Amino acid sequence: MTTTVITVAPTGAESAKSDVPGLPVTLDELVHTAAECAALGASVIHVHVRDDDAAPTLDPGRLRATVAALRQRTDLIVQLSTGGAVTDSEDDRLAVLDAGPDMASCTMGTVNFGDDVFLNRWEFIIELHTRMQDRGIVPEYEIFDLGQLAALQRLLSRYGLPAGGHVHVDLVMGVPGGMPGTIDALAACRQALRDLPAATTFSATGIGRSSVPVMLAALSGGGHLRVGMEDTLNYAKGQPVESNMQLVARAVSLAQLAQRPAATVRQARELLGVGVG
Ligand code: KMH
Ligand code: ZN
């Protein structure tokens, strides 16, 4: 039976702890959340860290400590965000790789991001991709719009396959400025994946209200799932999310219902090519 890789993205860089009390912002909160989500069926954690004031940071020491703590307390695949916050510099974002995660995100193009711009220049993308190749860090290519899949095809044809040899993309849908969280947009992306290497896998996440429709569409389209408070702050209309565990539990039960149960960490490692050198 094929399985569903469930990634939890528990924190992000956009929400404030004062607005979202359940957001894990300290190392203790993050590790506790990670362990609980792993017990429920998550196999990958997509990590943004916060400073002592709960503001987003790419501080190298904190990133290293976070990777170490997650490895000590869980067996999750640790994926650090190189997206950071929209205000982070390219140099700081590249330096995230120095923390030695299993995986790191690599966004495939610039996108309007609400009132901001999430800048990802072509030269920067090449630098991230090639540094990850050199260090054996497996990328998750973040796709905010259809054309970014064409950019990925161009990247791979010019600079070769990523570390691990497997290509995995995450469709981030419903960001104001990016593609909508609809079945039509997901189907268009799925079609475009045919131009990528044959074994390419995808996960999808729908921001806000598109969370559940995107999850259902991804499951029926053979995709994997990313859930968490980075992307979703309301469990249902008028019902704020209290913890990441609620979102992971829902993803696990939907995956079960789709007869593609949550992958173990070992299965996820094999599928994503993490730890294969
Ligand atoms: N926080 C966004 C600006 C990533 O983690 O790679 C970028 C983001 C994508 O969340
Ligand atoms: Zn992120």
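The questions and replies below concern a predicted model and the reasons behind some of the terms used for it.

Me: What makes His46, His48 and Glu230 donors of the zinc ion (ligand 2)?

Reply: A donor is an N, O or S atom within 2.8 Å of the metal. NE2 of His46, NE2 of His48 and OE of Glu230 coordinate the zinc ion at 2.1 Å, so they meet that cut-off. Water is not among the atoms, so the site may look incomplete.

Me: How are these donor residues spaced in sequence?

Reply: The spacing is H-x1-H-x181-E. His48 lies in the loop between β2 (44-47) and β3 (49-50), and Glu230 in the loop between β12 (224-227) and β13 (234-236), so this pair ties together parts that are 182 residues apart in sequence. Both His48 and Glu230 are buried.

Me: Why is Leu161 called partly exposed?

Reply: Its relative accessibility is 44%. Buried means under 20% and exposed over 50%, with partly exposed in between. The value for Leu161 therefore counts as partly exposed. Leu161 is in the loop between α5 (147-159) and β10 (168-173).

Me: Is Ala54 buried or exposed, and how do you know?

Reply: Ala54 has a relative accessibility of 18%, so it counts as buried, the cut-off being under 20%. Ala54 lies in the loop between β3 and β4 (56-57).

Me: What makes Gln259 count as exposed?

Reply: Gln259 has a relative accessibility of 57%, so it counts as exposed, the cut-off being over 50%. Gln259 is found in the loop between α8 (244-257) and α9 (265-272).

Me: What is there to say about phi in Ala54 and in Gln259?

Reply: Most residues other than glycine have a negative phi. Ala54 has a positive phi, near 70°, and Gln259 has a positive phi of about 60°. Neither Ala54 nor Gln259 is a glycine.

Me: Which contacts of ligand 1 count as polar, and why?

Reply: A polar contact is a pair of N or O atoms within 3.5 Å. A polar side-chain atom of Ser105 lies 2.6 Å from an oxygen atom of ligand 1, and one of His48 lies 3.1 Å from such an atom. For Gly83, a backbone N or O atom lies 3.3 Å from an oxygen atom of ligand 1. These distances are within 3.5 Å, so the pairs count as polar contacts. The protein covers 97% of the 300 Å² of accessible area that ligand 1 has on its own.

Me: Where does ligand 1 sit?

Reply: Ligand 1 sits in the largest pocket. The residues around ligand 1 include Glu14, Phe113 and Phe118.

Terms used
Residues numbered from 1 in each chain as written. Chains lettered and ligands numbered in written order. Predicted model: local features only at pLDDT ≥ 70, side-chain atom pairs only at ≥ 80, totals over all residues. Heavy atoms only, no water. Donors = N, O, S within 2.8 Å, 3.2 Å for Na, K, Ca; no water. Helix = DSSP H or I, 4+ residues; strand = E, 2+ residues; numbered from the N terminus. Buried < 20%, exposed > 50% of the residue type's maximum accessible area, 1.4 Å probe, protein only. Near = heavy atom within 4 Å. Polar contact = N/O pair within 3.5 Å; in protein donor to acceptor, adjacent residues only side chain to side chain. Areas by Shrake-Rupley, 256 points an atom, 1.4 Å probe, with all protein chains shown as cover. 1 Å grid on protein atoms, 1.4 Å probe; cavity = no way out; pocket = protein on both sides within 12 Å on 5 of 7 lines; lining within 4 Å. Sits in = over half its atoms within 2 Å of the grid points.
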